[in-house]
Amino acid sequence: MKKQIMRICAAVFAAMIFASAFSVSCAYEELDRATFSGRGEVLAPADRATVNFCIEVSAKKEADAKKKSEEILSALKERLGYISEESYYSESEPISGRYTVSRCFSFTTDDVGAIYDITRQMTEAGVTGINGIWYSLSDTSAYEKEALRLAIADADNKANSVDERFVLEELSEFGCFSGCGGMCGGTDGTVSVECNISAVYRRR
């Protein structure tokens with residue numbers, strides 16, 4: 001009895017799926033045009049990396065703490081070049097009476113292969129925290145072109161699965177963006193370039 005009930009339920013479920021697919025097919029049969037979405041993604045090797053880091057120093061006087069952080073920063077600039085300061089924060093500790101100066105910076109390089117040697121140099125110079133490594137691309141145009149092609153192919157497959165007579169008429173909307181790699185998305189220094197489209201198809 002139990003097996004029979006299960007067979008009946010399975011048959012009903014299959015019939016519902018068939019009916020749903022049939023109704024969708026019929027709905028498309030009545031349309032001359034239909035819109036399908038598409039997504040394309042390309043993974044590219046990064047050619048740029050940005051390191052965010054902080055220097056935190058404590059001293060009896062705020063000026064002394066700031067001076068020490070300046071010495072660390074100057075040593076880093078001699079090794080690495082231009083460094084951008086992102087934030088400065090100072091506070092006094094009521095119990096000890098000491099001041100803590102916390103400064104955060106960013107450093108960008110095209111030498112992606114040397115990024116871990118760079119972070120080593122930073123810690124050796126006195127950097128107290130590496131907050132993140134962000135990989136990026138200096139030019140995404142070629143990768144966006146390929147990602148867009150893949151997105152259109154994805155939409156084509158969806159349209160053809162409904163009716164092979166559908167042909168692309170226009171892209172009603174599309175957008176491309178790149179995602180960071182490294183500590184914010186991977187560990188191999190790759191960058192994801194993705195395009196998403198909405199495409200209108202016309203039945204031949």
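# Briefing: helix α3, the aromatic pairs and three residues in strands

The chain has 4 helices and 8 strands. Keep in mind that this is a predicted model. Starting at the N terminus, the elements come in the order α-β-β-α-β-β-α-β-α-β-β-β. Here's a quick tour, going from the whole chain to one helix, then the rings, then the strands.

**The chain as a whole**

- Of the 204 residues in the chain, 33% are buried.
- Take the contacts with a separation of 6 or more: 75% of them are between residues 24 or more positions apart.
- About 12,600 Å² of the chain is exposed, and 53% of that comes from carbon and sulfur atoms.

**Helix α3**

- Helix α3 covers residues 115-125, and its buried residues are Ile115, Ile118, Thr119, Gln121, Met122 and Ala125.
- Look down the axis of α3 and these buried residues fit within an arc of 155°, so they line one face of the helix.
- The general background is that an α-helix has 3.6 residues a turn, so residues three or four places apart point the same way.
- Tyr116 and Glu124 sit on the other side of α3, and they're exposed.
- What do the buried residues of α3 pack against? The partners are β2 (48-59), α2 (62-80), β4 (99-109) and β5 (129-136).
- Right after α3 comes glycine 126, with a positive phi near 125°.

**Aromatic pairs**

- The chain has 3 aromatic pairs.
- One of the pairs is phenylalanine 36 with phenylalanine 166, an edge-to-face arrangement with 5.9 Å centre to centre and 65° between the planes.
- That pair links distant parts of the chain: phenylalanine 36 is in strand β1 (residues 33-45) and phenylalanine 166 is in strand β6 (residues 166-179), 130 residues apart.
- Phenylalanine 36 counts as buried because its relative accessibility is 7%, under the 20% cut-off.
- Phenylalanine 166 counts as buried too, at 3% relative accessibility.
- Phenylalanine 53 and phenylalanine 105 have ring centres 5.5 Å apart and planes at 25°, so this pair is stacked.
- Since phenylalanine 53 lies in strand β2 and phenylalanine 105 in strand β4, the stacked pair ties together parts that are 52 residues apart in sequence.
- Are phenylalanine 53 and phenylalanine 105 buried or exposed? Both are buried.
- Phe36 and Phe166 also belong to one aromatic cluster with Tyr201.

**Strand β1 and its partner β8**

- Side chains alternate along β1. Ala34, Phe36, Gly38, Gly40, Val42 and Ala44 point to one face and are buried.
- Arg33, Thr35, Ser37, Arg39, Glu41, Leu43 and Pro45 point to the other face of β1 and aren't buried.
- β1 and β8 run antiparallel, joined by 13 bridges.
- Opposite arginine 39 you'll find asparagine 196 in β8.
- Serine 198 is also in strand β8, which covers residues 190-203.
- With a relative accessible area of 18%, serine 198 is buried, as that value is under the 20% cut-off.
- Leaving out residues up to four places away in sequence, serine 198 touches Thr35, Phe36, Ser37, Leu171, Ser172 and Glu173.

**Arginine 103 in β4**

- Arginine 103 is in strand β4, and it's buried, with a relative accessible area of 4%.
- Which side chain makes a polar contact with the side chain of arginine 103? That of glutamate 70, at 3.1 Å.
- Not counting residues up to four places away in sequence, arginine 103 touches Phe53, Cys54, Ile55, Lys66, Ser69, Glu70, Leu73, Glu85, Ser87 and Tyr88.

**Cysteine 176 in β6**

- Cysteine 176 has its place in strand β6. It's partly exposed, with a relative accessible area of 27%.
- Setting aside neighbours within four places in sequence, cysteine 176 is in contact with Glu144, Glu194 and Cys195.
- The C-alpha atoms of cysteine 176 and alanine 147 are separated by 8.1 Å, and these residues are 29 residues apart along the chain.

Notes: Residues numbered from 1 in each chain as written. Predicted model: local features only at pLDDT ≥ 70, side-chain atom pairs only at ≥ 80, totals over all residues. Heavy atoms only, no water. Helix = DSSP H or I, 4+ residues; strand = E, 2+ residues; numbered from the N terminus. Buried < 20%, exposed > 50% of the residue type's maximum accessible area, 1.4 Å probe, protein only. Contact = heavy atoms within 4.5 Å. Areas by Shrake-Rupley, 256 points an atom, 1.4 Å probe, with all protein chains shown as cover. Arc of directions from axis to C-beta. Phe/Tyr/Trp six-rings, centres within 6.5 Å; stacked < 30°, edge-to-face > 60°. Pairing = 2+ DSSP bridges. Polar contact = N/O pair within 3.5 Å; in protein donor to acceptor, adjacent residues only side chain to side chain.
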